[in-house]
Amino acid sequence: MKKKWFHTLELVDEQYVAEANPNKKTVPLRKKRIVMTALASAAACLALTVTGLWLFMPYDNAPPSIEHHEKNDYYAVIEKLNDFKKEPLQYNNNFDMIVDDVGDMFLGGVKGDAANTAVPEAAAPGADRGDGYFETNTTGTSGTGSSTYEEITDNQVEGITEADRIKRSSTHIYYLDGSTLKIFNIAGLDSLQVGSIALEETAYEAYQRQWAFYLSADCKTATVFTKYQNAKKQLCVGVIAVDVSDPANPVEKNRLEITGNYLSSRVTDGKILLMTEFVLNKQTMDFDKEETFLPQINGESIPSDCIVLPEDVNSARYTVVMKLDENTLATEGQTAFLSYTEDIYVSHDHIFLTHVYADVQKQENENIRNAMTEITALRYKDAFEKKGTVVVRGYVKDQWSMDEYEGILRVVTTTNATTVHETYAGSSVSAEILVTATGNSNASLYCINLKDFQVVASVEDFAPPREEVQSVRFDKETAYVCTSIEMSDPVFFFDLSDLNNITYKDTGKIDGFSSSLVNFGDGYLLGIGQENWNNFKAEIYTETEDGVEGFCKYVLENVDYSADYKSYYIDRENQLLGLGITDFSGDSVVDYTTGQKGNSRYILLHFDGYNLVELINVELKGDNNLKRGVLVEGYLYLFGKEDFQVLATPFVVPN
């Protein structure tokens, strides 16, 4: 009735219009609407037809011609990058492309050899325990006067030194405060800053951050790594050698510039192993301009015979590995791995680099994607030499997830499998894209023989379903792994003494997770992490006959902390843990020096065999990942942004 009544009103309106102006030709509204509807329907059909044709027409993926580059030394590189630039043969048609892009949304867990000269064998102090992260104090050769080098960084591998924001000799402590290297004498409560050097120069624009540095074994050279944008607007890594033989008057002596971003570095026997990444811009890549597609060292492209090309290029980036003389910064070896990722582990003999990709198994109406990691071993003792490659399921979280022990590479991965289901609906000229995805993750352990790069043992999917690896530590024939889903986790203890019979125990489900695991000595494991999204937790674990149990824990509510392992002070001998925190409980303040909200503090905890006891909780300025503390002869030296303090403690650690 409502429809008929509305139609009657339409006819009356048309009649009045005709009577009012009989000479004017009018088209009834009804006819107008019929015409408009027909036109709209035709337009819609045309749009659907065009859309259908576009969706199912062959995908245009032909790369541009590069014939004029055939005589170029980098032609093999250009071929790989040109193919990748246009994503050749990836899709049958545009519909496949859309489905694939939607599927990529559900793969969030997958993380977006030649060289020249010999290097002497590394001098590793003491026996090689192969524990993966425990570093005892070592003494280098004499520097100025009776000054000797003292190791305070908790390195992953004994004898392989890692960069840090703090280093020390027997007489001085060196701290990188922003872009300034500051030097302090060691004199207890009478300690003072005795020298400094600002590393910024007007020739370089937009220094973004100073990462870390090394102090040479003779305590005469500090090598600093910086990131900045140069005059050409290129992101660069700066390597700066500073003469600190006179702590009161440090002077810059050498500088090296590498295009790209800093990844990691190590020092062994006076040689720097520097790892950087060079990310390409597909829009600005120009094969007539080497700087747009090749890494540069002091303005020179890495030689073509030093570039390693994978079979499949799935990311437009290089991982660059260099060997530098610590005093002169002379380049003694260089190689660049195209399409490799940022996870790097360095043992006494090898640099292990990772290449993460998705293994896609296409079926009729679904695609199954598995995260895979290709691990390449690069020997660095003499000339750089690629030793072999192995592929394992999953992806590694960080350097701590890999460890070489007695010729076996042990790797812990987060396995990630995603199934993308495709459903089609509609007519021949239209299609409704229905895509659903289900994902599953877990954790796996692999043991690889480095003689033939074959997996000789594995424990796959040992964690509860949908968990991911949060932290890993290896200690000779033992491995510790923490997995997590949201804010609950188990911690696993693995016995790797018999690779034919790997066994493990776990805590079962506990609150929170550990972003770092530390062998704390005397059979105890220290976990550093969170109990929930707002609380900091340090927990002691111990192995029992039936499993692993939490022995004691220390919790702070409404506190933020740094997950950067180098920001922690670890003293196994006295079982001390020091770290910076930001306390948001009570009346939070704003540090106008840093712009940081909350109460910025530093805490020192002691495990007395029964509990984790708070010894020190003091204000210290700066971001948590930049704060440092070190104990020397009963005094705790604390460093933050434009902040320096010395506190007496009951612990005396002998030099």
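This passage describes the predicted model of a protein, from its overall make-up to the setting of individual strands and of one residue.

The protein contains four helices and 45 strands, and of its 655 residues 53% are buried. About 29700 Å² of the protein is exposed, with carbon and sulfur atoms supplying 49% of that area. The mean pLDDT of the protein is 81, and 74% of the residues reach 70 or more. Confidence is lowest in helix α1, which covers residues 2-20 and has a mean of 38, whereas the highest value, 98, belongs to strand β22 at residues 402-405. Over residues 1-27 the pLDDT is below 50, and this stretch has eight contacts in the model beyond near neighbours in sequence. A second stretch, residues 102-144, also stays under 50 in pLDDT, and for it the model has 135 contacts beyond four places in sequence.

Strand β5, at residues 180-185, pairs with strands described here on either side of it in sequence. With strand β4, which spans residues 172-177, β5 pairs in the antiparallel sense over six bridges, and within this pairing H172 stands opposite N185 of β5. The hairpin formed by β4 and β5 has two residues between the strands, and in it G178 takes a positive phi near 65 degrees. The pairing of β5 with strand β6, at residues 193-198, is likewise antiparallel and runs over five bridges; here K182 has S196 in β6 as its bridge partner. Five of the six residues of β5 are buried, each having under 20% relative accessible area, and the strand is therefore largely enclosed by the rest of the structure.

Strand β16, at residues 317-325, is also largely enclosed by the rest of the structure, because nine of its nine residues are buried. The burial extends to both faces of the strand: R317, T319, V321, K323 and D325 lie on one side, while Y318, V320, M322 and L324 lie on the other, and all of these residues are buried. Strand β12, which spans residues 271-279, runs antiparallel to β16 and is joined to it by nine bridges, with F278 standing opposite Y318 in β16. Strand β17, at residues 331-338, also runs antiparallel to β16, and seven bridges join these two strands. In this second pairing, M322 has Q334 in β17 as its bridge partner, so that M322 is a residue for which both a bridge partner and a buried position on one face of β16 can be stated. Between β16 and β17 the hairpin has five residues, and in this hairpin L329 takes a positive phi near 65 degrees.

A single residue, V242, may be considered in more detail. V242 is found in strand β9, at residues 235-243, and its relative accessibility is 0%, which is why V242 counts as buried. When residues up to four places away in sequence are not counted, V242 touches I197, L199, K220, T221, A222, P250, V251 and E252. One of these contacts, I197, falls within the residue range of β6, the strand that pairs with β5. The C-alpha atoms of V242 and R255 are 9.0 Å apart in space, and the two residues are separated by 13 residues in sequence.

Key. Residues numbered from 1 in each chain as written. Predicted model: local features only at pLDDT ≥ 70, side-chain atom pairs only at ≥ 80, totals over all residues. Heavy atoms only, no water. Buried < 20%, exposed > 50% of the residue type's maximum accessible area, 1.4 Å probe, protein only. Pairing = 2+ DSSP bridges. pLDDT = per-residue confidence, 0-100. Contact = heavy atoms within 4.5 Å. Areas by Shrake-Rupley, 256 points an atom, 1.4 Å probe, with all protein chains shown as cover.
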